Structure formats: structure tokens, C-alpha cells
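Work through the exercises below with the model open. Each task is followed by a solution in steps.

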Amino acid sequence: MAPKETIICIGCPLGCRVTVIQDKKGNVAGLKGAECKQGQKYVLEELKNPVRTLTATVPTGDEGFPLLPVRTSLSILKTLLKPVMVETARVKVKPPVKAGDVILKNVKRTGADLIATADWPGSTGEG
Amino acid sequence: MASRVDVAVIGAGPAGLAAAIAAREQGAEKVLIIERAEQLGGLLPQCIHNGFGLLYFEQDMTGPEYEKAFIAKAMSLGVETRLETMVIDLDAERGITAVSRKHGYMRFKPGAVVLAMGCRERSRGAVGIPGTRPAGVLTAGTCQRFVNIEGYMPGTRYVVLGSGDIGMIMARRLTLEGAKVEAVVEIMPWPGGLIRNEVQCLHDFGIPLLLESTVTFIHGEERVEGVTVCRVDAERRPVEGTEKSYPCDCLLVSAGLIPENELSRKAGVELDPVTGGPVVDQNRQTSVPGVFAGGNVVQVHDLVDWVSWEAEAAGRAAARFADKGELKAAAGVRVMPGDNIKYVVPHTISGREDVTLHMRVTQPGLKATVKAGGILSKRFRSVRPSEMVVLDLKGEALKEAGLKGELVVDCEMRGGG
């Protein structure tokens with residue numbers, strides 16, 4: 001493990017570059033550069049558990065509505081963004097779909113579902 | 001148009017929807033949204049990323065989700081819509097001329113008008129990049145539509161010019177879709193978008209952000225084959241000898257947004273050369289009585305939540321105007337941008353009621369104090385031109401100050417730089 005890591009806080013426009021000082025075992029020994037307490041909290045969380053909401057689209061095969069927008073129901077580890085993207089290209093969906101419907105349960109065992117963020121009534125419905 | 005329209009809203013994006021809802025809630029009976037596209041929502045359907053509604057709904061929503069909440073509300077309130085209808089003229093007496101394939105030519109005079117046309121992207125032509133004119137040069141928003149709505153990938157290897165939010169969000173989106181984004185190139189010494197986008201769209205994927213740099217040449221005959229990137233000096237002129245070439249098949253231009261005000265001009269609405277939008281009072285009434293404006297047509301916001309709120313103020317005031325046939329201008333006091341303030345909206349305030357001031361700073365800095373006359377001073381840990389500064393002034397405090405004529409807003413740096 002690298003002895004030093006820099007994380008930019010996204011809490012405010014300041015964007016503090018916070019250096020995380022780790023001891024030999026990889027435990028956090030200190031933080032340098034955070035201007036506030038919330039920033040320190042953010043950096044520690046980001047270090048332990050860097051999660052993001054993934055948003056993407058899945059193909060529908062419907063010419064009038066080729067893509068259904070989707071998101072993960074929870075934030076997932078950022079290292080899992082790409083593997084989940086691969087799933088979004090493979091998944092088959094059938095209309096009608098309503099925003100909030102689950103498209104894939106526990107996608108890639110992230111604990112998050114892939115859910116639709118828009119309605120897709122299909123060819124019978126009026127867009 | 002047969003029946004009388006109380007409030008006509010031009011544009012069905014987030015601003016238009018919010019204005020129409022607010023006008024109905026304020027009591028306007030017939031509220032009509034006129035939209036040139038075939039669906040409601042403006043650009044929201046293609047903004048599939050999250051980050052919408054954090055302030056307005058206190059929820060992290062995607063563009064389609066945010067749009068859906070507003071459309072559902074507008075429909076439940078009986079807001080009427082005319083889609084695929086283009087307003088081609090607005091006169092100084094609120095006369096609207098519109099055309100559509102289905103209804104032909106229409107002329108009518110609503111009780112009040114809300115301008116909610118939003119903004120459009122600065123294109124290659126507007127930023128003037130030398131080189132050939134091959135396929136593969138497009139704005140970030142056009143690319144977003146291709147990728148998120150139509151299902152086309154316009155290229156495989158990209159350079160993004162400009163680090164506005166849409167540019168950075170597209171850099172991430174394209175990377176996730178399997179493309180290679182070589183670099184995001186920014187002419188200013190600081191990124192053009194929000195810090196969270198810099199981190200989550202660029203750093204997360206190891207996409208280089210080249211500050212104080214610009215694209216000086218586009219190569220390729222039929223198709224983009226690459227671009228030349230140069231460092232720029234303090235005057236933002238390219239520095240000779242710093243050229244570096246980046247092979248790519250697509251150049252995305254994300255070089256700022258311009259409020260879309262052709263109709264406002266036709267109506268004789270006074271425009272602010274700095275914001276590019278109408279000069280408005282506290283009610284978002286423009287210089288033409290009965291014509292109101294809200295959202296990105298007034299000033300380019302960084303958050304949709306503020307677009308909705310601003311348009312709601314315009315919609316409410318438009319409903320009041322339509323009801324009474326007039327609305328006293330809330331314009332007793334002129335708000336003037338002072339030190340390190342680029343602009344302030346609204347341009348005039350009543351000096352009696354609560355008001356929210358939106359502004360942008362000219363230079364970034366640390367430990368800033370933004371002062372509105374002697375009435376309010378607010379400290380900020382840092383300010384950046386890309387992040388709007390918002391100041392809430394209380395009517396009581398304004399009245400007490402007994403403002404005469406103008407209120408100057410300054411931004412002072414307490415240290416660092």
C-alpha cells in the first residue's frame with residue numbers, strides 16, 4: 001500500500017487536497033490539508049468506502065425509444081462501475097417499464113438494484 | 001387561438017414547467033406552454049446522470065426523474081401544452097406568433113408571458129478554432145443526445161475542449177461506454193464546472209485535465225484525426241513551442257452556454273451584456289411590462305434546482321400580472337456588481353421584500369466575504385467563478401437600511417488568493 005494518498009474533498013468549492021498519512025500497516029495516521037471537520041469526515045469515508053451512483057442506459061430495441069435510462073438504487077464501490085456497465089449492455093428489457101422498476105436485482109452482487117429512471121410504455125403507449 | 005390564454009410560457013424545460021406550475025398555483029386559469037420539441041422536459045431527458053434535485057427535493061435524482069416530477073405536477077394542475085410549436089415572434093405588446101405543422105400559423109395575446117427558452121451551447125464557430133472542417137467536431141450536449149437518447153457513439157477517441165459540467169459529465173459517460181477520453185482541455189487556470197464533477201468524472205477515471213491550455217488546430221479531412229493543444233499565457237494567447245498533438249476522432253466542445261434571447265430581442269426586452277439575458281426586477285419582470293423570464297434564459301445556472309426556483313418566481317408574478325393587467329415594477333433599487341463580482345441577478349429589487357441575489361465572482365479566491373451594502377455580509381471559505389454565490393436578503397433589513405437608488409455587492413478576499 002502506498003504510504004501517502006491524496007483525496008480532493010468535494011464538500012465545497014474550496015476542493016481541499018487532503019493528504020492521507022498512513023502508517024506501515026496501512027492505518028490512517030493523520031490527515032493534512034483539510035480546512036474543516038466535514039472535509040476530514042468525507043476523506044475518511046472516501047478512503048474506506050469510495051462509492052458512486054452509476055447512471056447508464058440499457059438498449060430496448062424500440063426504434064422510437066432506443067435507450068432506457070437506468071441507475072443503481074444505491075451507491076456502489078467505484079471499482080464496480082465498469083463491471084456493472086457491462087451488465088447494462090447485456091440486459092434485455094420488455095415494455096411497459098415505469099420509472100423506479102427494477103431492471104436487474106442485486107446487480108453484480110453490489111447489493112444495489114439497477115432501476116429504470118424513466119417510463120417506457122412501449123409501442124402501444126403514447127410517448 | 002380561440003380561448004384567452006392567461007399566462008403563456010415559452011419553453012418546456014425545467015424553467016418552463018416550473019413557471020407554468022407556479023402560475024397555475026397562483027390562480028392563473030389558462031396556462032399554456034409552447035415548446036418547439038416533440039416532448040416536454042427540455043434537456044432533462046438526455047441528462048441521465050444524477051445530481052439533480054439535491055436542493056429542491058433534498059433527493060439525489062437523475063434528469064429524467066426530476067423532469068417526471070414536474071411534468072406530473074403540471075399535468076395534474078391542468079397546464080396546457082403545445083408541442084412541436086415554434087414561437088417565431090414576440091412583440092412589445094406580448095403578441096405571440098407561433099407556427100406548427102399541426103396547427104399552422106397562430107397569433108394570440110396572452111395576459112402575461114414567461115420567457116423560459118433556456119440557453120444553448122457555444123459551438124466551434126463561436127470559439128473560433130482554426131483547422132479543417134471534418135466530421136467529428138460536436139458540442140458536448142449534442143454528443144450527450146446521441147449517446148443517451150439516440151444510441152449512437154459518435155467516436156472512439158475523444159478530446160474535450162472546455163471543462164464545463166456537461167463536458168466533464170460526457171467525459172465520464174463516454175469512458176464508461178468504452179471510449180477513450182484523451183484529455184479535457186481548459187483555457188482558464190481553474191476548471192469550469194463543479195468540483196464534484198472534476199473529482200467524480202475526471203479523477204475517478206484518470207482523465208487528464210489540462211488547465212491554461214486550448215485547442216489551436218483541428219486536423220483531418222473527412223474525419224477528425226487529431227487536435228493540437230497549446231499552453232496559453234496570462235492573456236490566454238497560445239504559447240509558441242508548447243504544441244502537443246492528440247490523436248482523436250472526436251472533439252467535443254464544452255465551452256460555455258449562452259442564454260437564448262432572440263425572441264426577447266424582438267420584443268425589445270433590455271438585455272444585460274454580461275449575463276446575456278434580460279435585465280429583470282425582483283419579480284423577474286423584464287423591461288417589457290407583462291413579459292417575465294426565469295431560468296437559464298436569464299443567467300446560466302449551475303444547478304437545475306435554482307432554475308426551477310427562479311422560474312417559479314417568474315410564473316407567480318406573471319399570474320398576478322395577468323390577473324390585474326399590471327404589476328408595479330419591483331425596481332426601486334438597482335443592484336450593482338462591485339469588487340470581484342461579475343454580475344448580480346436580479347438587476348433591480350424593491351428594497352422592501354425578501355430577495356435572493358444570485359451572482360458570480362470574477363476571480364477565484366480563498367476566505368471571501370461577500371457584502372451587500374451595509375446590510376449583509378457573508379463569509380465563504382472559497383469562491384470560484386464556476387460556482388454561483390447566493391445571498392438571501394431580508395425585507396426588514398432592506399427597509400431598515402432605507403436604500404436610495406442602488407445597492408453595491410462586493411466580494412473581498414480576507415487572505416490567500
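**Exercise 1. A hairpin in chain A**

Task: Find how many of the eight residues of strand β5 (residues 55-62) of chain A are buried, then trace the pairing of β5(A) with strand β6 (residues 65-72) of chain A.

Solution.
- Step 1. Six of the eight residues of β5(A) are buried, leaving the strand mostly covered. Buried means under 20% relative accessible area, exposed means over 50%, and partly exposed lies in between (1.4 Å probe, protein chains only). Strands (E, at least two residues) and helices (H or I, at least four) are DSSP runs, numbered from the N terminus.
- Step 2. β6(A) is mostly covered too, with six of its eight residues buried.
- Step 3. Six bridges link β5(A) and β6(A), in the antiparallel sense. Two strands count as paired if DSSP finds at least two bridges between them.
- Step 4. Place the partners. A:A56 has A:V70 as its bridge partner in β6(A). A:V58 has A:L68.
- Step 5. Close the turn: two residues lie between β5(A) and β6(A), which form a hairpin.
- Step 6. Extend the pairing. Strand β9 (residues 114-116) of chain A joins β6(A) through three bridges, antiparallel. Here A:R71 has A:I115 as its partner.

The model is predicted: local features need pLDDT of at least 70, side-chain atom pairs count only at pLDDT 80 or more, and totals for chains, interfaces and linings use all residues. Residues are numbered from 1 along each chain as its sequence is written, chains are lettered from A and ligands numbered from 1 in the order in which they are written, and side-chain values use heavy atoms, with hydrogens and water left out.

**Exercise 2. An open sheet in chain B**

Task: State the strand order of the three-stranded open sheet in chain B, and name its edge strands.

Solution.
- Step 1. The order is β22-β24-β27 (chain B), with antiparallel pairing.
- Step 2. The edges are β22 (341-345) and β27 (389-393) of chain B, since each pairs on one side only.
- Step 3. From one strand to the next, the twist averages 25°. The axes behind this angle are lines fitted to C-alpha atoms, for helices over the stretch in contact, and angles run from 0 to 180 degrees between N-to-C directions.
- Step 4. Five bridges connect strand β24 (residues 355-361) of chain B with β27(B). One partner pair is B:T356 and B:D392.

**Exercise 3. Two partners for one strand**

Task: Which strands of chain B pair with β28(B), in parallel or antiparallel fashion?

Solution.
- Step 1. Strand β21 (residues 333-337) of chain B runs parallel to strand β28 (residues 406-413) of chain B, joined by four bridges. B:R334 has B:E406 as its bridge partner.
- Step 2. Strand β25 (residues 365-372) of chain B pairs with β28(B) over five bridges, antiparallel. B:A368 stands opposite B:M413.

**Exercise 4. Cysteines**

Task: How many disulfides does the structure hold?

Solution.
- Step 1. Zero, over all chains. A disulfide is a pair of cysteine sulfur atoms within 2.5 Å.
- Step 2. For B:C248, the nearest cysteine sulfur is that of B:C250, 7.7 Å away. B:C248 is buried, at 5% relative accessible area.
- Step 3. For B:C250, the closest cysteine sulfur is in B:C143, at 6.2 Å, which is too far for a bond. B:C250 is buried as well, at 0%.

**Exercise 5. Backbone angles**

Task: Locate the cis peptide bonds at A:P96 and B:P346, then place B:E212 and B:R284.

Solution.
- Step 1. The bond between A:P95 and A:P96 is cis, with omega about -5°. A:P96 sits in the loop between α2 (81-90) and β8 (102-104) of chain A.
- Step 2. The bond between B:V345 and B:P346 is cis, with omega about 0°. B:P346 belongs to the loop between β22 and β23 (348-349) of chain B.
- Step 3. B:E212 has a positive phi, near 45°. Its loop runs between β14 (209-210) and β15 (213-219) of chain B. At 28% relative accessibility, B:E212 is partly exposed.
- Step 4. B:R284 has a positive phi, near 65°. Its loop lies between α7 (262-266) and β20 (291-293) of chain B. B:R284 is buried, at 5%.
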